[in-house]
Structure formats: structure tokens, C-alpha cells
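The following exchange sets computed values against the definitions behind them. Please examine the sequence and the model before reading on.

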Amino acid sequence: MSVHVLDHPLVHHKLSLIRDRKTAGSLFRALIEETGLLLAAEATRSLPTVSAVVETPLERTETRRLGALDPVLVPVLRAGLGFLPAFLQLMPTAKVGHLGLYRDHDSLVPVPYYRNFPPLLEARPVFILDPMLATGGSASEAVRQLKAAGAVNLTLVSLLAAPEGIARLQADHPDLTIVVGAVDRQLNEKGYILPGLGDAGDRLYGTA
Ligand code: PRP
Ligand code: URA
């Protein structure tokens with residue numbers, strides 16, 4: 001499995017503000033979206049391109065454009081929705097699938113409750129969007145469902161990961177690519193990332 005840790009000064013700066021318990025509401029959402037832009041630039045580094053000839057105001061030249069088949073973005077509800085505007089801003093023609101999963105509070109096992117994937121998954125690069133990779137249960141289930149639906153080229157994009165979650169994905173899906181902003185120390189006994197940022201979905205949508 002390939003794991004890219006962005007380790008970028010802007011990600012560290014924004015993450016510092018995101019982690020702060022005093023950062024709330026629209027600022028929290030804006031910062032998540034901004035980190036999404038930085039992660040999107042890294043996650044899309046290997047997208048295939050094709051040649052396109054254009055006339056600049058000065059001369060004819062060969063350029064590169066994205067291939068004909070649009071990528072697929074799959075935010076994992078709810079927190080993954082925080083990254084979606086950034087990815088759509090950079091790839092406005094991307095197709096969007098939705099996957100509803102929540103962690104059972106006691107067992108921490110992901111419970112699926114919604115799924116709607118676009119066609120031609122097998123031919124498209126698929127980006128799973130979820131800011132939090134904790135035990136890895138939700139991401140592993142998302143990858144399992146997407147593979148069962150035909151996807152083969154899968155990248156998980158997260159802002160924060162726990163070492164436990166990375167190890168779980170390495171065991172379950174060694175063919176997966178992960179792009180992550182930072183790797184934190186460990187999980188606590190309730191499956192929260194330490195030092196972490198708390199519950200991403202609750203902080204994004206004010207449901208704490
Ligand atoms: C959060 C987060 C991930 C999951 C990560 O979602 O957005 O999907 O937990 O934890 P894991 O790696 O241990 O599976 P949550 O289950 O809280 O759902 P919500 O965003 O709808 O609140
Ligand atoms: N989900 C979150 O939103 N935060 C964590 O720390 C772990 C799982």
C-alpha cells in the first residue's frame with residue numbers, strides 16, 4: 001500500500017486551527033475545505049492526461065488535459081462532505097458517489113445506511129473522501145463496497161490518520177493508495193484520534 005503524508009506547512013498551520021476546540025462553525029468548515037484543496041492537489045498527481053493542441057495568442061502548442069473519463073469522488077457521510085467542494089472546485093466534471101456509514105458507538109463497527117455510486121467505476125480513478133481515518137473500519141468498508149461495485153483504482157484522502165487505521169488498511173486493502181495530511185499518535189479507548197480534532201462530523205455540522 002502506498003501512503004503519502006503531505007507534511008505541508010499550510011496543512012500544519014490550518015490543522016493547528018482546526019484542532020483548536022475554540023474553532024467552530026463556518027471557520028472550521030472553511031479550514032477543512034482549504035485542507036481539502038491541498039490534499040486534492042497531491043491526490044490527483046497521477047491522474048492520466050492526454051495531449052491537446054491549442055493556439056495561444058502567440059503560437060500553436062501542445063498541452064496536456066485530463067483524460068476523457070472523469071474521476072469519481074465518494075465522500076463518506078457525513079464528514080467526507082467537508083472535502084467535496086474543494087475537490088469539485090478543482091475537478092468540476094467529476095462524478096460524485098455517496099456512501100453513508102456511521103460507527104456504532106460501542107463496537108466501533110461501521111454501519112452502512114446509504115449508497116449511490118455512478119456507473120463505469122471500473123474505468124475511473126476513484127477518490128474516497130473522509131477527513132478522519134481512526135480504526136480504519138469505515139475506510140475499509142468503503143473500499144470493500146467500491147471494489148464490489150467494480151472500482152480498481154482507489155485513493156483514500158484523509159486529513160488525519162491514526163497509525164492503527166493505516167495498519168488496518170494495509171492488512172485489508174494492500175492495493176489502496178492513501179493521501180493524508182498528518183499522522184497522529186494513537187487512538188483512545190473510544191476510538192478517537194489523539195491528539196486529533198474531535199468528532200469531525202459534529203464539528204462540521206454543529207451536532208455535538
Ligand atoms: C467518522 C469519520 C469516519 C469515521 C472514522 O464518522 O468521518 O467516517 O468516523 O472512524 P473509523 O476509522 O474508526 O471507522 P462517524 O462514524 O462519526 O459518522 P458521522 O460523520 O456521520 O458522524
Ligand atoms: N471520527 C472522528 O470524527 N474523530 C475521531 O477522532 C475518530 C473518528
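Contact means heavy atoms within 4.5 Å. Helices (H or I, at least four residues) are DSSP runs, numbered from the N terminus. This is a predicted model, in which local features need pLDDT of at least 70 and side-chain atom pairs count only at pLDDT 80 or more, while totals for chains, interfaces and linings use all residues. Residues are numbered from 1 along each chain as its sequence is written, and side-chain values use heavy atoms, with hydrogens and water left out.

Q: Which residues of α4 and α5 meet?
A: Gly137, Ala139 and Ser140 in α4 meet Arg168, Leu169 and Asp172 in α5.

Q: Why is α4 called roughly parallel to α5?
A: The axes of α4 (residues 137–148) and α5 (residues 163–172) cross at roughly 25° and come within 9 Å. Angles under 35 degrees count as roughly parallel, so the term applies to this pair.

Q: What makes the approach of Arg103 to ligand 1 a polar contact?
A: A polar contact is a pair of N or O atoms within 3.5 Å. An N or O atom in the side chain of Arg103 is 2.7 Å from an oxygen atom of ligand 1, so the pair meets the definition.

Q: How do you know that Gly198 makes a polar contact with ligand 2?
A: A backbone N or O atom of Gly198 lies 2.7 Å from a nitrogen atom of ligand 2. The pair therefore satisfies the definition of a polar contact.

Conventions
Chains are lettered from A and ligands numbered from 1 in the order in which they are written. Axes are lines fitted to C-alpha atoms, for helices over the stretch in contact, and angles run from 0 to 180 degrees between N-to-C directions. Helices (H or I, at least four residues) and strands (E, at least two) are DSSP runs, numbered from the N terminus. Angles under 35 degrees count as roughly parallel, over 145 as roughly antiparallel, 65 to 115 as roughly perpendicular and the rest as oblique. A polar contact is a pair of N or O atoms within 3.5 Å; within protein, one must be able to donate a hydrogen and the other to accept it, and residues adjacent in sequence count only if both atoms are side-chain atoms.
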